[in-house]
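Here is a quick walk through a fold, written for someone who likes to know the cut-offs behind the words. Have the viewer open while you read.

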Amino acid sequence: MDKIVAATGNPNKVGELENITSKFGLHVISRDEAGVPHDYDVVEDGETFEDNSLIKAEAIMKMTGLPAIADDSGLMVDALDGAPGVYSARFAGEDCDDDRNNDKLLDLLKDVPAEKRTARFVSVITLVYPDGRVLQTRGECEGRVLTERHGTGGFGYDPLFLPDGLSGTFAEVSQEEKDTVSHRARALAKLGDLLKDQASGSAE
């Protein structure tokens with residue numbers, strides 16, 4: 001089974017990536033397993049999710065010499081003109097955490113009525129190979145931002161985001177339910193289609 005290095009250090013994302021890629025003989029390993037130094041930090045200075053996803057995947061691929069896969073994702077809130085967007089992970093500052101990011105989002109939306117709190121989660125997955133091949137997909141999940149946290153699961157903005165089609169926030173529902181509509185699951189499903197096409201093409 002061929003190895004792919006996950007550019008992310010988030011074990012939740014690594015697991016989700018592995019669920020899809022393993023079906024095509026690709027085994028996702030962590031940065032640690034690939035020998036990437038703990039203090040190695042990729043500068044994400046792109047203007048879009050596509051830019052940052054590619055930047056991360058290419059950096060890890062060049063460092064390890066192995067195919068690398070990266071996810072860049074975030075929340076886009078209509079009432080905030082698409083913010084926090086690519087700055088979702090550091091919305092409240094460079095040294096912020098999930099709680100502070102959520103607090104800032106709630107504060108900015110405190111006077112926004114429910115019908116105008118529409119938002120979407122976006123995920124862009126990029127898989128790059130040492131031979132120059134690049135596979136990139138984008139998935140989106142529509143929903144709205146609540147006025148308070150609900151649920152203790154998930155990570156990031158999950159406690160505030162109520163996706164269309166589900167009865168609870170991403171922090172309230174099971175991983176299985178989340179995977180039926182989530183932005184990352186949709187991007188990964190598209191990646192699965194590209195990997196299937198790639199596999200069938202190489203077999204011809």
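What follows goes from the sheet to the helices, then to the salt bridges, the cores and a loop.

This is a predicted model, where local features need pLDDT of at least 70 and side-chain atom pairs count only at pLDDT 80 or more, while totals for chains, interfaces and linings use all residues. Residues are numbered from 1 along each chain as its sequence is written, and side-chain values use heavy atoms, with hydrogens and water left out.

**The sheet**

Start with the strands: six of them make an open sheet, ordered β2-β1-β3-β4-β5-β6, with mixed pairing. The edges belong to β2 (26–29) and β6 (161–163); each has a single partner strand, so one side of each has no neighbour in the sheet. From one strand to the next, the twist averages 35°. On terms, helices (H or I, at least four residues) and strands (E, at least two) are DSSP runs numbered from the N terminus, and two strands pair if DSSP finds at least two bridges between them.

β4 and β5 are antiparallel and share 11 bridges. They form a hairpin with five residues between them, and G132 in the turn has a positive phi of about 100°. Within this pairing, T118 sits opposite R144 of β5. Further along, β5 (residues 134–145) is joined to β6 by three bridges, again in an antiparallel arrangement, and V145 has F161 of β6 as its bridge partner.

**Helices on the sheet**

Which strands does helix α1 touch? Helix α1 (residues 11–21) packs against β1 (2–6), β2, β3 (68–77) and β4 (118–128), and its direction makes about 170° with that of β2. Helix α2 (residues 49–64) also packs on the sheet, touching β1, β3, β4 and β5, at about 160° to the direction of β3. Contact here means heavy atoms within 4.5 Å; axes are lines fitted to C-alpha atoms, for helices over the stretch in contact, with angles from 0 to 180 degrees between N-to-C directions.

**Salt bridges**

Side chains of opposite charge can pair when their charged atoms come close. The structure has 14 salt bridges, each being a side-chain nitrogen of Lys or Arg within 4 Å of a carboxyl oxygen of Asp or Glu. A few of them:

| Pair | Closest N and O atoms |
|---|---|
| R138 and E50 | 2.9 Å |
| K56 and D72 | 3.0 Å |
| E140 and R138 | 2.9 Å |

Why does the R138 and E50 pair tie together parts that are apart in sequence? R138 is in strand β5 and E50 in helix α2, so the pair links parts 88 residues apart in sequence. R138 has a relative accessible area of 28% and is partly exposed; E50 is partly exposed too, at 24%. E140, the other partner of R138, counts as partly exposed at 32% relative accessibility. The cut-offs are under 20% relative accessible area for buried, over 50% for exposed, and partly exposed in between (1.4 Å probe, protein chains only).

K56 and D72 are both buried. K56 belongs to helix α2 and D72 to strand β3, so this pair ties together parts that are 16 residues apart in sequence. Add E44, and you get a network of salt bridges linking E44, K56 and D72.

Another charged side chain to look at is R184, in helix α5 (residues 183–203). R184 is buried, with a relative accessible area of 3%. Leaving out neighbours within four places in sequence, R184 contacts K13, E16, D71, S73, S123, I125 and F155.

**The cores**

A nonpolar core is a set of buried Ala, Val, Leu, Ile, Met, Phe, Trp, Tyr and Cys residues joined through side-chain atoms within 4.5 Å. The largest one has 19 residues, of which L75, V77, L105, L109, V145, F161 and F170 touch the most other members. At least two residues come from each of β3, α3, β4 and β5. L105, setting aside neighbours within four places in sequence, is in contact with L75, V77, L80, F91, V145, Y157 and L160. A separate core holds 16 residues, including I4, L17, V28 and I69.

**A loop with odd backbone geometry**

Most residues other than glycine have a negative phi, and most peptide bonds are trans. In the loop between β3 and α3 you will find D81, which is not a glycine yet has a positive phi of about 55°. D81 counts as exposed, at 77% relative accessibility. P84 also lies in the loop between β3 and α3 (98–108), and the peptide bond from A83 to P84 is cis, with omega near 0°.
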